[in-house]
Amino acid sequence: MLRRSAICGGSCKGWAGSVSLETMVSPQSPRTEAIDAPRTIALVDDDRNILTTVSIALQTEGFATRLYNDGDTALKALLDNPPDLAVCDIKMPRMDGLELLRRLREKSDLPVIFLTSKDDEADEALGLSMGADDYIAKPFSQRLLVARIKAILRRSDIVRREAEEQEPDGEPLPEPIRRGRLVIDPARHAVTWDGEAVSLTVTEFMILEALAIRPGVVKTRNQLMDAAYHDDVFVDDRTIDSHIKRLRRKFRAVDPRFGAIETLYGAGYSFADE
């Protein structure tokens, strides 16, 4: 799975002619040359006004931005030179956001936030079930979007730090969590079921870990939100439910009889230690 960061400028093709976006991209050196380089956010939307205003808001918060106004162009760039996170509109011509996410998830676990319309509940649920990390309905507060981006990047940082062979002080790696046929390796962001690898997004990994740490204990949706987001960013119940559905689907792809994630209706979810 691809998982690296990059800072770059470029141009966006797809409006009338070729529109240069160099003035809208923070001119920074690549991360390999500057340890403190800003995080890079890719914005994918066919609405130029949204691209411009969101880009300015993110740059004000210290992010670098890369802008794309169609899914075809964005997909190649996201795979060839991945940013730290992508914000993607669902409704776009040529290749919509859902198809972009489907193709992206075949090769990458890059964090993705969807932008949706108020009446796109079905698309929101589908996007989350396909592996999106979050969604925000239009019209949206730029402050809320920035908060969501920061929350997801913090989770990604936790996973990356745990993936290092050793902490700076030389402490040993954390032991894998073993629950029957489930093995969770926090240090390497790796999950297996009965020896078969199960690829999870950052959000899915942290929800599963929260359930497996205390098998048999029911975790409410609020508790799972806290485990996955670690701050006051609002996420509604539908988001957690969609992540649980995708977790079950991924495990059932390697074991059709998988049923370790149990639902207690009206209360929450638990992990059954077999």
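This is a short tutorial dialogue on reading strands, buried residues and cavities in a predicted model.

Q: Before we zoom in, how many helices and strands does the protein chain have?
A: Keep in mind that we're looking at a predicted model. The chain has eight helices and 13 strands. Of its 274 residues, 51% are buried. As for contacts between residues at least 6 apart in sequence, 63% join residues at least 24 apart.

Q: Okay, strands next. Which strands form an open sheet, and in what order?
A: Try β8-β9-β10-β11: these four strands form an open sheet in that order, with antiparallel pairing. Its edge strands are β8 (177-179) and β11 (196-197), each of which pairs on one side only. Inside that sheet, β9 (residues 182-185) and β10 (residues 190-193) pair in the antiparallel sense over four bridges. If you'd like one pair to click on, Asp-185 has Ala-190 in β10 as its bridge partner.

Q: And which way should I expect side chains to point along a strand?
A: In a regular strand they alternate between the two faces of the sheet.

Q: Which helix lies across β8, β9 and β10?
A: That's α6 (residues 202-213), and it runs at about 120° to β9.

Q: Do β6 and β7 run parallel or antiparallel?
A: Parallel, with five bridges joining β6 to β7. To find the pairing on screen, look for Ser-117, which stands opposite Lys-138 in β7.

Q: Why is β7 described as largely enclosed by the rest of the structure?
A: Count its buried residues. Strand β7 (residues 134-138) has four of its five residues buried, so it is largely enclosed by the rest of the structure.

Q: Could you take me through one residue? Is Ile-113 buried or exposed?
A: Ile-113 sits in strand β6. Its relative accessible area is 0%, and a residue under 20% counts as buried, so Ile-113 is buried. Now see what surrounds it. Setting aside neighbours within four places in sequence, Ile-113 is in contact with several residues, among them Leu-85, Ala-86, Val-87, Cys-88, Tyr-135, Ile-136 and Leu-145. Take Ala-86: it is 27 residues from Ile-113 along the chain, yet their C-alpha atoms are separated by 6.3 Å.

Q: How do I find empty space inside a protein?
A: Rolling a probe the size of a water molecule over the atoms shows where empty space is left.

Q: So how many cavities of 30 Å³ or more does this structure hold?
A: Two. The largest has a volume of about 40 Å³, and the second largest holds about 30 Å³ of space.

Q: Which residues line the largest cavity?
A: Leu-43, Val-44, Asp-45, Ile-50, Leu-51, Val-54, Val-87, Leu-115 and Leu-145. By element, β3 (40-44) and α1 (48-60) each supply at least two of the lining residues. The largest share, three residues, comes from α1. By chemistry, this lining divides into eight nonpolar residues, no polar and one charged.

Q: What about the second largest cavity: which residues line it?
A: Its lining includes Leu-78, Ala-86, Cys-88, Gly-97, Leu-100 and Phe-114. β5 (85-89), α3 (97-105) and β6 (112-117) each supply at least two lining residues, and the largest share, four residues, is from α3. This lining has eight nonpolar residues, one polar and no charged. You've already met Ala-86: besides lining this cavity, Ala-86 is one of the contacts of Ile-113.

How values were computed:
Residues numbered from 1 in each chain as written. Predicted model: local features only at pLDDT ≥ 70, side-chain atom pairs only at ≥ 80, totals over all residues. Heavy atoms only, no water. 1 Å grid on protein atoms, 1.4 Å probe; cavity = no way out; pocket = protein on both sides within 12 Å on 5 of 7 lines; lining within 4 Å. Points joined across faces, edges and corners; volume = space filled by probe spheres on them. Nonpolar A, V, L, I, M, F, W, Y, C, P; charged D, E, K, R; others polar. Pairing = 2+ DSSP bridges. Contact = heavy atoms within 4.5 Å. Axes fitted to C-alpha atoms, helices over the stretch in contact; angles between N-to-C directions. Buried < 20%, exposed > 50% of the residue type's maximum accessible area, 1.4 Å probe, protein only.
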